[in-house]
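Visitor: I'd like a close look at one part of this structure, namely its salt bridges. Could you take me through them and then show me what else is worth a glance around them?

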Amino acid sequence: MNRLLRSLVRRHSSTFHRNFSSSTSPACPVLKIEHLQQRQMIFLAGDETSQFLQGLVTNDMSHLERGNTAMYALFLNKGGRVMYDTIIYKEKNAKEGSFYVEVDAEVADQVVKHLKLYRVRRKIEIEKTENKKVWVVFDDDTEKKSKSIVLPKKNVETGICCTDPRLKNLGTRLILDSNVGIDDIKSLFDVPEMVESNENDYRKHRYRLGIGEGVQDLPQGKAFPLEANVDYLNGVSFHKGCYVGQELTARTHHTGVVRKRLMPLTFKTTLPNLLEPQTIDILNESEQNVGKLRGYCNGNGLALLRIEPALAAKKLFANGIEVETRKPAWWPQNDDSSKHIR
């Protein structure tokens, strides 16, 4: 662990100090740390890896080649529907052509099989790795209008540390060796207070922001990428070359017809634990179906909603419980809603 704290990542050291600022806000943040046990790392290496992934994911691998540490993307099927969500990382000083692909642990074996199917004869190493863990450090006070990007002040020699590439409010993502513990991570940050989050705190935080992650929130073969807000979360390139599922995604973007999107829900009372969220419809005051619940956590939910009728409804209900939705603050504010709703 001493090596972990000894030398700063030179490439990003100035960014760490420039982006960290507890003095910019009157109250110092209370940060939470959570080990994301539901996320799994897959390691890929080979001279053709970047080109290989370029043809499979929605985003442009050149972002990583230009020096970015992480990139959000989706794997689609041939029909243009979401199969897996991912964050792809390029480790500092890593051998050219080597990347870490973060996916939902529940489908990690499927992702490996999917990658090997398309590998054909390319000399690319593809394997799950058990020696890396995914951690997140975040501030779940969503009432703040702005947040400092909090990155370590101390050294990260082995591993990956970066602001979440989707949205800075999601916090700092850390990919560290499996022997690194929570106290070691606390020692990296120079903030007054850091606590270990309760189970599902991060999931609740995501839901309050209206962001899906994993196969529960993005059921395989059912969701379209723009419905999952991939265009708002820096997860799709409309200028790169062809990739699996591109045609429908590009056509939907250029026609401007996105009637449904993932949106946050707030429950007035608790949803019974025995219920399967994915089976629950969202109804308006006239009992018209305006969407489907995707996930629920401690009074907060995530739903795929028809934007116009959901926002226009006087009341919304999920399993008879009154709920509220809103347009997330991180959605583009200068968008003409008619561009997205027809």
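**Salt bridges, buried and otherwise**

Guide: Let's begin with Lys268, which counts as partly exposed because its relative accessibility is 46%. Keep in mind that this is a predicted model. Lys268 pairs with Glu324, and the closest N and O atoms of that salt bridge are 3.5 Å apart. Glu324 sits in strand S16 (residues 321-325) while Lys268 is in the loop between strand S11 (260-267) and strand S12 (281-284), so this pair ties together parts 56 residues apart in sequence. Glu324 is partly exposed too, as its relative accessibility comes to 44%.

Now for a pair within one helix. Arg251 and Glu247 form a salt bridge, with 3.6 Å between the closest N and O atoms. Both belong to helix H9 (residues 246-255), and they are four residues apart, about one turn of the helix. On accessibility, Arg251 is partly exposed at 43%, whereas Glu247 is exposed, with a relative accessible area of 60%. The cut-off matters here: exposed means over 50%, so Glu247 makes it into that class, while Arg251 at 43% stays in the partly exposed one.

Next comes a buried pair. Asp217 forms a salt bridge with Arg206, and their closest N and O atoms are 3.0 Å apart. The two come from distant parts of the chain, with Asp217 in helix H8 (residues 214-217) and Arg206 in helix H7, eleven residues apart. Both Asp217 and Arg206 are buried. As background, side chains of opposite charge can pair when their charged atoms come close.

That pair also belongs to something wider. Arg206 and Asp217 are part of a network of salt bridges that also links Arg39, Asp85, Glu102, Asp164, Arg166, Arg173 and Glu213. If you search the whole structure, you get 20 salt bridges.

Stay with Arg206 for a moment and look at the helix around it. H7 covers residues 201-209 and is mostly covered, with seven of its nine residues buried. Those buried residues are Asp201, Tyr202, Arg203, His205, Arg206, Tyr207 and Leu209. Right after H7 you reach Gly210, which has a positive phi, near 85°.

For contrast, try some charges outside any salt bridge. Asp47, Glu48, Glu65 and Glu96 gather on the surface as a patch of negative charge, and residues in such a patch have no salt bridge. Glu96 is found in the loop between strand S4 (82-89) and strand S5 (98-104). Its relative accessible area of 60% is why Glu96 counts as exposed.

Another loop worth a stop is the one between strand S9 (172-177) and helix H6 (182-186), where Gly181 sits. Gly181 is partly exposed because its relative accessible area is 24%. From its C-alpha to that of Trp135 is 9.9 Å, with their positions 46 residues apart along the chain.

Finally, zoom out to the chain that holds these pieces. It has eleven helices and 16 strands, and buried residues account for 53% of its 342 residues. Take the contacts between residues at least 6 apart in sequence: 73% of them join residues at least 24 apart. The chain exposes about 16400 Å², and carbon and sulfur atoms supply 45% of that area.

Conventions: Residues numbered from 1 in each chain as written. Predicted model: local features only at pLDDT ≥ 70, side-chain atom pairs only at ≥ 80, totals over all residues. Heavy atoms only, no water. Patch = residues over 30% accessible without salt bridge, like charges linked within 9 Å, V, L, I, M, F, W, Y side chains within 5 Å. Areas by Shrake-Rupley, 256 points an atom, 1.4 Å probe, with all protein chains shown as cover. Salt bridge = Lys/Arg side-chain N within 4 Å of Asp/Glu carboxyl O. Lys, Arg positive; Asp, Glu negative; His and termini not counted. Charge placed at Lys NZ, Arg CZ, Asp CG, Glu CD. Buried < 20%, exposed > 50% of the residue type's maximum accessible area, 1.4 Å probe, protein only. Contact = heavy atoms within 4.5 Å.
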